[in-house]
Structures are given as C-alpha cells and as structure tokens.
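Dear colleague,

I am handing over the structure we spoke about, and below it you will find my notes, written out in full so that you can follow each step with the model open. Please read them slowly and look up each residue as it comes.

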Amino acid sequence: MSQISVGHSGHGHDAGHGGEAHIAARGRIDPALLTMPHGAGRALSAIFLLVGLVAVVATFFLGYGGRAAQAMAAYHMGFLFTLGLALGCLGITMMLQQFNSGWSGPVCRQAENISSNIWVVGLLFLPIVVLEVFLSHGHPRLFHWMSPDLLDQNSAHYDTLLNAKKGFLNTNFWLVRYVFYFVMWMWFATKLAGWSRAQDRTGDKWLTAKARKISSVGLLLFALSCAFASFDYVMSLDHHWYSTMFGVWFFSAAAKAAFALIIVILASLKLRGKLGAAYTSEHLHDTGKLLFAFTVFWAYISFSQYFLMWYSNIPEETAYFNLRVREAWQPFPMIMVVANFVVPFLLLLVRNFKRNPTILRLIALWVLVAFALDLYFLVRPILRGVEPGEGVWLDALGILGPVCIFLAVVVRTVCKHPLTLLKDPRLHEVLAHKNYV
Amino acid sequence: MARARTKIYKTSAGEVVYGMMAEFATPADTFHAAEKMRDAGYTRWDVYAPFAIHGIDEAMGLKTSRVPLLCGILGLSGAGLGYLFQWWVSHQAYPMVVQGKPYGAWQPFMPIIFEFGVIFTSFTALLSMMAFNRLPMWHHPLLKKERFLRTSDDRFVICVESADSKFDPDGTRKLLEKCGGYNVDLVED
C-alpha cells in the first residue's frame, strides 16, 4: 500500500531518475531477504545430484540388462522434461524483456537462473546422441529413421515416406541442428542472464534496453528453433507422423512447466521468509494467472491438434493417436486431459489459491508431475509391445535422472545470485504492483 | 425499491434525508477520509471522484465482488448446457451420420461448448455487475445537488446514506468535518 499515488507523493515518482537505485533501499526491504546466505542450498543440491546420478547409472544398467530401448526412452523423457523447463524459461525471459514487464523482477531472475543452465540440458542429451548415432551399429533404438536400412532401395525395410523426408531428416543435418540449437540457446540465455547479473552490480540501466533489443530477435529465433527441436527430438520418434501444430504444442507444454517451476522456486523462497515486498501475494497472484493462462493454452493447442486429425482422418496423421487410444493406452488420453487441464484449471480459478504460496506451490508441483505424465504419453507408446505401466520403475528412474541433475544445478544457481533483479530501472513497478481485482 | 431503514430522518423543511455529503479537494484527502469512515464502522456510503483512485477499495473496506463467483458457476453451467443441446439434437432428436463419425461424438461439440461457456460468462459478468450496482438507475438523489456535479470535474465527495445503521445527523457531520470534509450538507431524497 505504500505506493498508491496519494498521500505519499514524492515516494513513487522519482524512480528511474537519478541513476541507480537498489530495490532493498527503495522498498525498505532488509537486503538479507534478497540473497541466500553463503552455502545455502548446498545440501539440497547435493541430494538432487546424488539421486540424479544414481538414477542415471541405474537406468544405464537396467538398459544394459536387456531393456535397452525402454531405458533410452525413459532417459529421453527425462531429457525432454529438462529441455522443456530450460526452453520455457528462456522464452519467458525474452517475453518479459520484450514486453518491458516491470512487475516481474523476481520472476525474470528465476527464469534467467533456469534458462542459463541450458548447457546442462545439452550435455544431458549427449549420451543419447552417442548411443543412437555412434554406437547403434545401424540399429538405433529410439530414432528409427537413423537406420540406413530404411533408405536402402534393395532392402525389405525400404521406407518411401522417409526417403521423401531425408533432406531434412538425416543424421548429419540432425547433428548440425543439435549443435546449432544449443549453441544459440546458450548464447541468448547466458547473454540475458549475464547482463541482468551485471546490472545488479553496476546499476547500468542500458543493459535492460539491450536485453529488450536482443529479445526481439531472440523470440523469433526461439519460436522457430523450439518448434524444430520438438520435431527433431519428439516428433521424429515416429517419423511417419507429422503435425504442423506440434511445435506450438511443445512450447505450450514447456512454458506451462517452466512457469510451474518458477512458482515452486519463488513460493518456496517466500515460505522461507525471503523476498519481502519484492514478491508479495500480488506477484504470486499474477504468476498463478500466467500458469492458468498456459494451462488453458496447452488444452487449446492439444485439442486443436487432436480435433483436426480426428476430423480429417488421414492415416499419416491419425497414426499418432491410433497408437495412443487403443488397448492398454485407452484410458491415458482422458487421464492426460484431467491431469493437465481439468484439475489445474479448476484449482487455479480460485482467487485465494493463487494468492497463497503453500497452495499455489502444490498446484505447481502437480503441474510438473502432469508434465512428466504428458511426456510419458508422448514418448512411451512408441515402444510397441511394451505395455504402459510395464517396468514403470525404469521409466521413473529414467525421468528422475536428468531431471534431478538439472535441478541440482538450478538450485545452486538460484542460491548463488540475488533472488530478484536488484537495480532494474523498473523497480518501482515491482514494488507498487497490485492487481486491483 | 424500498429499503429497510432503521430510522427515517427529515430536514427542517420536512423532506426525507437521503444522506450526508462532504466535499474534499484532493484524492489524498478523500483517501484518508475513506479510511477513517471505514474504521468508524460505516457500511452504506460511497466515494465519488472524477477519476479512479488506486487503492480506494481497500481504503473503503470494500469486500471482493461476487461477480467472479457467479461468472464461474454460470460459465460452467453454460458449457454444460452447450453440450446438452448438441447431444440432444444429434444423438436423441435427430441422429445423423456425419462423415462416418459416431453419433453424439463429443469432439465436434467442443467449439460450441466453449462458445457457450464464454457467452454465459460474459453475459453473467455484465448483467450481474448491473444488478449489484442497481443499474440502470435513472435518477440519484445526489444529482439534485449543484455542488455534487463538480465530481465530474475537480471535486471529491463522500456521501453517507441515512440507511446506514451508524448514521446520525450530528455525529456523521462531525466525523466528516474531522476527516477534512467541507461544505457538509444533507442530501434530500
């Protein structure tokens, strides 16, 4: 209430003038609330790392022991989970900068923290690249289109459809794209995070303008690369199938999960008494609304993709759903709709749930679990002959591995840097933020 | 609409009193006066200003509106109704094969269900907002006051209705004056 434009004139209007300002001074926040104490988060990070490494090793050995394809698919789901989080956060960072969003200091900082670790995601994908491209001996287990057999006209497995796609879908170009995507994402993520951290020290307000400028180019490249990455890493698992909507679909799922993780981080900090006036129930309310918006967006895109394929009934499109609505997979589509849409939609409609850190964090955790389930539904059915639920511990371990390793790094990053932008020129907007609804 | 009144006040000229208004010169004065009126326990009163004063709802102690809840309930019911209509038409009343799809398949219903949800929500929002605000209101006692008309220009007014259980001609006048209000005046109904 200290920033209403009445009664305290002179308090809210000098922002942006007179050079740098520190959010702690301006918002009368104890500076200790805006940083984590030295060494904080180490235990949590160590636990995540340990669990992650154990899970990855266990996945590897279980795969080695005869369930190779399933182990790789499980690990791939874990990789996609971290890719979704990191990419979603990169998109969110650039969107917030592009919109010149003033209220979102802590949200922007956490999005930067997560996306600046996208290099870990790139490394996490290396085992799959090595196993599929270099050690598969012509029999890839996930990306079947890599098999040279399929393009051999004399082979019984010759695939005309793949032959038509080989200009794009060939191993060398795929590897080039892998390097290109991650180098580009890393460049944008480290630039944006680096500038905002540099601003914390120097107070240079032009860094904000610079971030906004590259975000405009960045968003365009991000939209394209995100879509093509989803084609490369998810859609090509079933190389006969194609959906022009899939890129958007993957982005919607990723952004939803990314907002959920940001909420988990910020609500946890809030519940530990951190952030003070920089992140109140007003900010929480708005991050909750964004989670709600992306939940609806996910449902909208998912349904639109399904609806058109259902109507037109063209075999190369329906192949995807054909695999996922039959036999043991039959209950899954509805489980997906309920877990990913109905439950969070109804819960997030309630105003008080969005303003309560404990409840909102629970909803966000639910959304993250639902995202994992969504990836399960996306990737796992391609292992024909392996029933859903069969070897579910292997699937769980596979997902847990990359996710825990990624979270270990994220926890360290979150604790290392200030919890919000400290000297952003739009600080007064962070502090004055109110919903009025 | 006759409202239950605790007591009917009359001016010396014998007119029924609608309430008591006080003028304020700045939004800040109005804001702080509103806080004092709220703390004094008044419930049936309002602030009139030429523009929105941020945070005035909290200063007045206004509770969250019931409009969102109604919108939620009616929006979901509308969506349900949208499904019911289509299901009745294409599954019960006149089943027809379209493109070889099953009778009463839910997929093609979805866009209409969505539209029904949206239209019910938006109409509920508009109509319930009007109902809660007693709109359309063709006349308001305050509009008879020449001085009140300046609230569309450069004056701020707080008016306490005589229907407020705490209303009392002397006490309310004193409080309004203490809050910084001037030209405190009775408003005839």
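A good place to begin is B:Asp154, which forms a salt bridge with B:Arg155, the closest N and O atoms being 3.9 Å apart. Please keep in mind throughout that this is a predicted model. B:Asp154 is partly exposed, with a relative accessible area of 29%, whereas B:Arg155 has a relative accessible area of 17% and is therefore buried, since buried means under 20%. These two residues also belong to a network of salt bridges, in which they are linked with B:Glu23, B:Arg147 and B:Arg150.

How many salt bridges does a search of the whole structure find over all chains? The search gives 17, and a pair in chain A is a useful one to look at next, namely A:Arg380 and A:Asp395, whose closest N and O atoms are 3.1 Å apart. This pair links distant parts of the chain, because A:Arg380 sits in the loop between helix 14 (357–379) and helix 15 (392–416) of chain A, while A:Asp395 belongs to helix 15, 15 residues apart. Are these two residues buried or exposed? A:Arg380 has 0% relative accessibility and so counts as buried, and A:Asp395, with a relative accessible area of 2%, is buried as well.

A salt bridge in chain B joins the side chains of B:Glu188 and B:Lys145, at 3.9 Å from N to O. Here too the pair links distant parts of the chain, with B:Glu188 in strand 4 (residues 182–188) of chain B and B:Lys145 in the loop between helix 4 and strand 3 (156–161), 43 residues apart. B:Glu188 counts as partly exposed at 27% relative accessibility, whereas B:Lys145, at 15%, counts as buried.

Next comes the interface between the chains. The contact takes 18 residues from chain B and 15 residues from chain A, and together the two chains bury about 1500 Å² between them, 73% of it on carbon and sulfur atoms. In chain B, the residues that lose the most area to chain A are B:His54, B:Lys101 and B:Gln107, which together make up 33% of what that side buries.

The count between chain B and chain A is one salt bridge, and A:Lys434 forms a salt bridge with B:Glu58, with 2.9 Å between the closest N and O atoms. Across the same interface of chain B and chain A, four residue pairs are found in polar contact. On the side of chain B that touches chain A, the elements that give two or more residues are helix 1 (27–39) and helix 4 (110–132) of chain B, and helix 1 supplies the largest share, four residues. Sorted by class, that side of chain B has ten nonpolar, six polar and two charged residues.

B:Lys101, already named above, deserves a closer look, and you will find it in the loop between helix 3 (67–93) and helix 4 of chain B. Which side chain of opposite charge is nearest to B:Lys101? It is A:Glu317, 10 Å away, and B:Lys101 is buried yet has no salt bridge. The side chain of B:Lys101 does, however, reach the backbone oxygen of A:Tyr311 at 3.2 Å. Leaving aside its neighbours within four places in sequence, B:Lys101 is in contact with A:Trp310, A:Tyr311 and A:Asn313.

Another lysine of chain B, B:Lys174, is found in helix 5 (residues 169–178), and with a relative accessible area of 59% B:Lys174 is exposed. The C-alpha atom of B:Lys174 is separated by 9.2 Å from that of B:Val184, a residue ten places apart from it along the chain.

The last residue I would ask you to look at is A:Asp424, in the loop between helix 15 and helix 16 (427–432) of chain A. A:Asp424 has a relative accessible area of 7% and is therefore buried. A polar atom of its side chain lies 2.8 Å from the backbone nitrogen of A:Arg426. Not counting residues up to four places away in sequence, A:Asp424 touches A:Gln199 and A:Thr208.

With best wishes

Terms used
Residues numbered from 1 in each chain as written. Chains lettered and ligands numbered in written order. Predicted model: local features only at pLDDT ≥ 70, side-chain atom pairs only at ≥ 80, totals over all residues. Heavy atoms only, no water. Contact = heavy atoms within 4.5 Å. Buried area = accessible area lost by both parts, 1.4 Å probe. Salt bridge = Lys/Arg side-chain N within 4 Å of Asp/Glu carboxyl O. Polar contact = N/O pair within 3.5 Å; in protein donor to acceptor, adjacent residues only side chain to side chain. Nonpolar A, V, L, I, M, F, W, Y, C, P; charged D, E, K, R; others polar. Buried < 20%, exposed > 50% of the residue type's maximum accessible area, 1.4 Å probe, protein only. Lys, Arg positive; Asp, Glu negative; His and termini not counted.
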